[in-house]
Amino acid sequence: MNTTIYIPRSFLLAAVVFATFFAACESEQPGEEIEYRTDMYYQPSFKPQEDPLARAPGTVPMSGYEPAIKDSLSATRLKNPFAFTRASEDTGKFLFNTYCSVCHGAAAKGDGLVAPKLQVPPDLNGSLYKKTPDGYFYFVIRKGHIIMPSYYEHTTQRERWLIVAHLRRLQQQ
Ligand code: HEC
């Protein structure tokens with residue numbers, strides 16, 4: 001059987017243009033590389049696996065420095081140091097929906113999408129959790145709990161309190 005493959009002329013033209021272009025990028029000298037488009041590579045952002053710069057001695061972050069919380073008992077005495085407005089409610093909801101609802105569900109009933117695949121979290125609207133002090137919730141978000149991950153690195157101090165405030169509002173619904 002005689003099979004002929006037809007290649008469109010526009011394809012051939014594109015191939016020639018590409019080949020010429022990339023041949024031009026290649027160096028004559030072995031081991032010497034000509035860099036192509038490095039403007040995105042050399043920039044002040046952190047590279048993967050690179051540690052952020054260490055804090056200069058004697059300084060604190062502009063957001064203030066939050067000392068470690070000793071244990072869950074001392075956490076129960078923590079109070080929210082931030083003033084919240086109506087707009088903060090939306091932010092709190094957004095943060096809860098972003099970080100917590102995957103497991104806990106949008107109403108914190110323990111019915112998030114991931115829950116059946118992992119471990120079903122408790123219904124945070126239960127009477128025990130209604131009596132739990134704010135500071136304890138804050139502590140759990142900061143430190144994590146058994147299999148629940150810590151949200152210390154993903155959230156600021158203010159954001160953690162916003163999430164606690166949202167949890168409280170959910171409990172009242
Ligand atoms: C990957 C799933 C997952 C995510 C995401 C998650 N949790 Fe949990 N959470 C759990 C599980 C499972 C439990 C119960 C078992 C445990 O403590 O590990 C739990 C327990 C809790 C408890 C009860 C702790 C106690 O002492 O009984 C609180 C409060 C809580 N989570 C709040 C949150 C908040 C707020 C967020 C979002 C910042 C969040 N969780 C994100 C899985 C998750």
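**A buried alanine and the helices around it**

Let's start at A108, which is buried, with a relative accessible area of 0%. This is a predicted model, so keep that in mind as you click through it. A108 sits in the loop between α4 (101–104) and α5 (127–131). Its backbone is worth a look too: A108 has a positive phi of about 60°, although it is not a glycine.

Now zoom out for a moment. The protein chain has seven helices and zero strands, so from the N terminus on the order simply reads α-α-α-α-α-α-α. Of its 173 residues, 24% count as buried. Take the contacts between residues at least 6 apart in sequence: 52% of these join residues at least 24 apart.

Back to A108, and on to the company it keeps. In soluble globular proteins, nonpolar side chains tend to be buried together. Here the largest nonpolar core has 18 residues, and A108 is among those with the most contacts inside it, along with F96, I163, V164 and L167. The elements that give two or more residues to this core are α3 (86–99), α6 and α7. The biggest giver is α7, with six residues. For a close-up, pick L167: leaving aside residues up to four places away in sequence, L167 touches F96, A108, L124 and F137.

Next, how do α6 and α7 sit against each other? Two packed helices are described by the angle between their axes and the distance between the axes. For α6 (residues 134–143) and α7 (residues 157–172), the axes come within 9 Å and cross at roughly 125°. Because of that angle, α6 is oblique to α7. The crossing is right-handed.

Which residues make the contact? From α6 come D134, G135, F137, Y138, I141 and R142. On the α7 side they meet Q157, R160, W161, I163, V164, L167, R168 and Q171. Sorted by class, this contact has seven nonpolar, three polar and four charged residues. Some names should ring a bell: I163, V164 and L167 appear in this contact and also on the list of core residues with the most contacts.

One last stop is the loop between α6 and α7, where you'll find I146. Like A108, I146 is not a glycine, and it has a positive phi, of about 45°. Is I146 buried or exposed? At 79% relative accessibility, I146 counts as exposed, whereas A108 is buried at 0%.

Methods: Residues numbered from 1 in each chain as written. Predicted model: local features only at pLDDT ≥ 70, side-chain atom pairs only at ≥ 80, totals over all residues. Heavy atoms only, no water. Axes fitted to C-alpha atoms, helices over the stretch in contact; angles between N-to-C directions. Helix = DSSP H or I, 4+ residues; strand = E, 2+ residues; numbered from the N terminus. Parallel < 35°, antiparallel > 145°, perpendicular 65-115°, else oblique. Left-handed = near helix turned anticlockwise from the far one by under 90°. Contact = heavy atoms within 4.5 Å. Nonpolar A, V, L, I, M, F, W, Y, C, P; charged D, E, K, R; others polar. Core = buried A, V, L, I, M, F, W, Y, C linked by side-chain atoms within 4.5 Å. Buried < 20%, exposed > 50% of the residue type's maximum accessible area, 1.4 Å probe, protein only.
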